[in-house]
Amino acid sequence: MTDLSHIRNFSIIAHIDHGKSTIADRFIQMCGGLTEREMAQQVLDSMDIERERGITIKAQSVTLSFTSARDGKTYQLNFIDTPGHVDFSYEVSRSLSACEGALLVVDAAQGVEAQSVANCYTAIEQGLEVIPVLNKMDLPQAEPDRVAQEIEDVIGIDATEAVRCSAKSGLGMEDVLEELVRLVPPPVGDVDAPLQALIIDSWFDNYMGVVSLVRVTQGTLKVKDKIFTKSIGKAHVVDSVGVFNPKLHKLKELKAGEVGFIVAGIKEIQGAPVGDTIISSSHPDTPALPGFQQIKPQVYAGMFPVSSDDFENFRDALQKLTLNDASLFFEPESSDALGFGFRCGFLGMLHMEIIQERLEREYDLDLITSAPTVVYEVVKSNGEIIYVDNPSSLPDIGVIDEMREPIVEANILVPQEHLGSVITLCSEKRGIQRDMHYMGKQVSVKYDLPMSEVVLDFFDRLKSVSRGFASLDYSFTRFQEANLVRLDVLINGDRVDALALIVHRDHAQGMGRNLTEKMKELIPRQMFDVAIQAAIGGHVIARTTVKALRKNVTAKCYGGDASRKKKLLQKQKEGKKRMKQVGNVEIPQSAFLAVLQVDN
Ligand SMILES: Nc1nc2c(ncn2[C@@H]2O[C@H](COP(=O)(O)OP(=O)(O)OP(=O)(O)O)[C@@H](O)[C@H]2O)c(=O)[nH]1
């Protein structure tokens, strides 16, 4: 059997901002992967938007070579990156499945955060060796002893030996790598057995076509091999295999235990589904590896081009985006108010914002997004169960037997002094407390919360009531009966489908009032009065009016400077860009998303 004892496959589990990318960059620098100049940019966060927002979205990998001072041996380190935001937590377990170990990086000045706890449990469940690392030791406010104790109390792993380091100053970074090669076990796998490799991630590259990141569990994956994926069964010839170090580096083969990329002339991302198993055409009976849970979008919204001429471009852009983002869902939608667009499904609000930003920036589209919503389970009087991701397609109240909303289990970690405000927030959001534990300075609370209350602004509210200290992790558990109604918004008497919302009956009155007030601020004054009404069924529950504009903007330029008048009109036109004419009223994008700005 080939010796695999020099290979270490690992991930880093860390909360956003605790220093994962900085540590990864240090590793790359220490292992000689890149020059100083190339290091000027953090390399792992490869997309522009990721870099700007400072968050990691797509799983990536990097292969490094490290010579241990302790035993003089040279190791091949395969680092599989994981995304940090809660919207993308499903990708974490995918990355972890390719590893034997994980570094749990905790900011020594902050302490453990809920999401790291959840990811750490996933790692432990998957049998990984978890090595605690205390980062940011250069900060004067670092409290390594307290944080080490917290790791033991909250997560339950021994942290007495936790490596103390600073990715910024470089302090202790050698020790991190030494501990990594000492504690993480090497992979096992029979190199001579028939090929079996798990697809961890697939993405579309303009030059190479579909590239997949794979973990070979047994056998060898060689250039020119004939392979196929278990679920699709179409044969392909391997064009190239290799690793990222972090530059793309082609190899002749990838062996059992190794992680790397494969390109095999696959044209569409659907041809290399994540979680699928690649096997050799000459051994078609090789069993499939356990795949991953299929992820479903949690938040849906309509997106409509401001100009209807852009519809085809919009479709192309969405198609291109899904090549690299299998979690983005879209289907055509037509709205009376907004015309033709697409109903899109996202993993969460951050995902939605990122997609909208990419569509506007990379594809130069002007879009109007309707209010985001979760999916409801509706039992009709005839017994049929349907799933509604668009309030305007909710069947008539008369044919509905029962409405059920999605419930999530939320795990919140919060310092004791902010516990009171977090509990108040959770009850305001219709939460039911399930569990509470004191763990040193922090308290761990578990709540069942309606998903609709969580996805919109809960995270921001949680941060603000706890001065940034509380952290959150949540996952869908079930649909549960709830007293829900559709809240319609009427503009000058006409129901605007894209403004409808599904809300809890107890909140409907307050929501209707706040929403109409907010929209009054957001809809610009027009040449006539604009009445904004909120209604349930045919019953109006709130009303405001945007008073007519009396003055003509260009009036003061009469007889004067024509170019100034032109400029003014131009400016007005630009301001109009993200507006949509509904009936004879111009409604800006912000009004469609007014629901995000109101508290119920
Ligand atoms: N003082 C100090 N700052 C650090 C250290 N390590 C990282 N930082 C800083 O902490 C911030 C966040 O670091 P990142 O490495 O981007 O955090 P991350 O965990 O990768 O964040 P995501 O990519 O969003 O998951 C940056 O401003 C870093 O410069 C450290 O050891 N000491």
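Start with helix α5, residues 114–125, in this predicted model. Select its end C-alpha atoms: they are 17 Å apart. The helix has 12 residues, and at 1.5 Å a residue it should span 16 Å, so the two values agree.

Stay on α5 and colour by burial. The buried residues here are A114, Q115, S116, V117, A118, N119, C120 and A123. Move just past the end of the helix to G127, which takes a positive phi of about 80 degrees.

Next, show the sheet that α5 packs on. This is an open sheet of six strands with mixed pairing, in the order β2-β3-β1-β4-β5-β6. Its edges are β2 (61–67) and β6 (163–164), each of which pairs on one side only. In the interior of that order, select β1 (7–14) and β4 (101–107). These two strands run parallel and are joined by five bridges. For a point of reference on the pair, pick I13, which stands opposite L104 in β4.

Now bring in the helices against this sheet. Helix α1 touches β1, β2, β3 (74–80), β4 and β5 (129–135), and its direction makes about 155 degrees with that of β1. Helix α5 touches β1, β4 and β5, also with an angle of about 155 degrees between its direction and that of β1.

Then select the loop between β1 and α1 (20–30), where D17 is located; H18 is found in this loop too. Which of D17 and H18 is buried? H18 is buried, because 28 other C-beta atoms lie within 10 Å, and a count of 20 or more qualifies. D17 has 15 other C-beta atoms within 10 Å and is therefore partly exposed.

Keep H18 selected and display its contacts. Leaving aside neighbours within four places in sequence, H18 is in contact with V105, V106, D107, Q110 and N135. Of these, N135 also appears with H18 in a UniProt "binding site" feature, from an unreviewed entry. That record lists D17, H18, G19, K20, S21, T22, N135, K136, M137 and D138, so select this set to see the annotated positions together.

Finally, go to N382, in the loop between β21 (376–380) and β22 (385–388). Is N382 buried or exposed? It is exposed, because 7 other C-beta atoms lie within 10 Å, and a count of 12 or fewer qualifies. To end, draw a distance from N382 to I12: the two are 370 residues apart in sequence and 51 Å apart in space, C-alpha to C-alpha.

Notes. Residues numbered from 1 in each chain as written. Predicted model: local features only at pLDDT ≥ 70, side-chain atom pairs only at ≥ 80, totals over all residues. Helix = DSSP H or I, 4+ residues; strand = E, 2+ residues; numbered from the N terminus. Expected span 1.5 Å × (residues − 1). UniProt positions renumbered as here; feature names shortened; annotations may be inferred. Contact = placed C-beta atoms within 7 Å. Pairing = 2+ DSSP bridges. Axes fitted to C-alpha atoms, helices over the stretch in contact; angles between N-to-C directions.
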